[in-house]
Amino acid sequence: MMKYLSKRQLSHLQELLDTKEIAARIRARVNVQKESDDTDLTDGDESMTKMMLLELADIAAAQQRMSDHQYGICMECGCTIDYARLQVYATATRCTKCQSLHEQHYH
């Protein structure tokens, strides 16, 4: 039997996503400012910018899934992703089992 997330849990997870988005945008702004002040960018600086952009894209995708009432549903098996997993990894698209299988297959 599939256990869906409660409205309270979804509200809490929305707050987590909003907080993550704000923090990521602040880090991105600081990094962009650093890049504009520093002409000697390292590969690490560029990698950090790419990571921040990916993080923001993941957050936006999670927020869209929430709007579409698809948030918290595993993209592989269709089961509900555990609330505890989403609290730790709010942008998760797979349940723990499917994520483990995915990592075994691609790593």
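Partly exposed here means a relative accessible area between the two cut-offs, under 20% for buried and over 50% for exposed. With a value of 36%, Arg27 therefore falls in the partly exposed class. The model behind this and every other value is a predicted one.

As for the overall layout, the chain is helical, with four helices and zero strands. Read from the N terminus, the order of elements is simply α-α-α-α. Of the 107 residues in the chain, 29% are buried. The accessible surface adds up to about 7,700 Å², and carbon and sulfur atoms account for 56% of that. Turning to contacts between residues at least 6 apart in sequence, 57% of them join residues at least 24 apart.

Salt bridges come next. Side chains of opposite charge can pair when their charged atoms come close. The count for this model is three salt bridges. Arg27 takes part in one of them, meeting the side chain of Glu55 with an N to O distance of 2.4 Å. Glu55 sits in helix α2 and Arg27 in helix α1, so this pair ties together parts that are 28 residues apart in sequence. Glu55 has a relative accessible area of 25%, so this residue, too, is partly exposed.

A second salt bridge stays inside one helix. Arg25 pairs with Glu21, and their closest N and O atoms are 3.1 Å apart. Both residues belong to helix α1 (residues 7–37), where a spacing of four residues amounts to about one turn of the helix. Arg25 comes out at 43% relative accessibility and therefore counts as partly exposed.

The remaining pair is Arg94 with Glu76, whose side chains meet at 3.4 Å, N to O. This one links distant parts of the chain, 18 residues apart: Arg94 is in the loop between α3 and α4 (96–106), while Glu76 is in the loop between α2 and α3. The two partners differ in exposure class, because Arg94 has a relative accessible area of 11% and is buried, whereas Glu76, at 47%, is partly exposed.

Glu76 turns up again around Cys98. Leaving aside neighbours within four places in sequence, Cys98 is in contact with Cys74, Glu76 and Cys77. Cys98 itself is part of helix α4, and its relative accessible area of 12% makes it buried. The C-alpha atoms of Cys98 and Cys74 are separated by 7.9 Å, with their positions 24 residues apart along the chain counted as the sequence separation.

Glu21, the partner of Arg25, likewise has a second role in the contact list. It is one of the residues that Gln63 touches outside its own neighbours within four places in sequence, and the others are Gln14, Leu17 and Asp18. Gln63 is located in helix α2. At 17% relative accessibility, Gln63 is under the 20% cut-off and so counts as buried.

Back in helix α1, His12 was also looked at. With neighbours within four places set aside, its contacts are Tyr83 and Gln87. His12 and Gln87 are 75 residues apart along the chain, yet their C-alpha atoms are separated by 8.6 Å. At a relative accessible area of 28%, His12 is partly exposed.

Finally, there is the matter of open space. Rolling a probe the size of a water molecule over the atoms shows where empty space is left. The largest pocket holds about 190 Å³ of space. Its lining consists of Tyr4, Leu5, Leu10, Arg65, Met66, His69, Gln70, Tyr71, Gly72, Ile73 and Thr80. By type, this lining divides into six nonpolar residues, four polar and one charged.

One of the lining residues, His69, also stands out for its backbone. Its phi is near 60 degrees, a positive value in a residue other than glycine. His69 is found in the loop between α2 (43–67) and α3 (83–88). A relative accessibility of 67% puts His69 over the 50% cut-off, so it counts as exposed.

Notes
Residues numbered from 1 in each chain as written. Predicted model: local features only at pLDDT ≥ 70, side-chain atom pairs only at ≥ 80, totals over all residues. Heavy atoms only, no water. Helix = DSSP H or I, 4+ residues; strand = E, 2+ residues; numbered from the N terminus. Buried < 20%, exposed > 50% of the residue type's maximum accessible area, 1.4 Å probe, protein only. 1 Å grid on protein atoms, 1.4 Å probe; cavity = no way out; pocket = protein on both sides within 12 Å on 5 of 7 lines; lining within 4 Å. Points joined across faces, edges and corners; volume = space filled by probe spheres on them. Nonpolar A, V, L, I, M, F, W, Y, C, P; charged D, E, K, R; others polar. Contact = heavy atoms within 4.5 Å. Areas by Shrake-Rupley, 256 points an atom, 1.4 Å probe, with all protein chains shown as cover. Salt bridge = Lys/Arg side-chain N within 4 Å of Asp/Glu carboxyl O.
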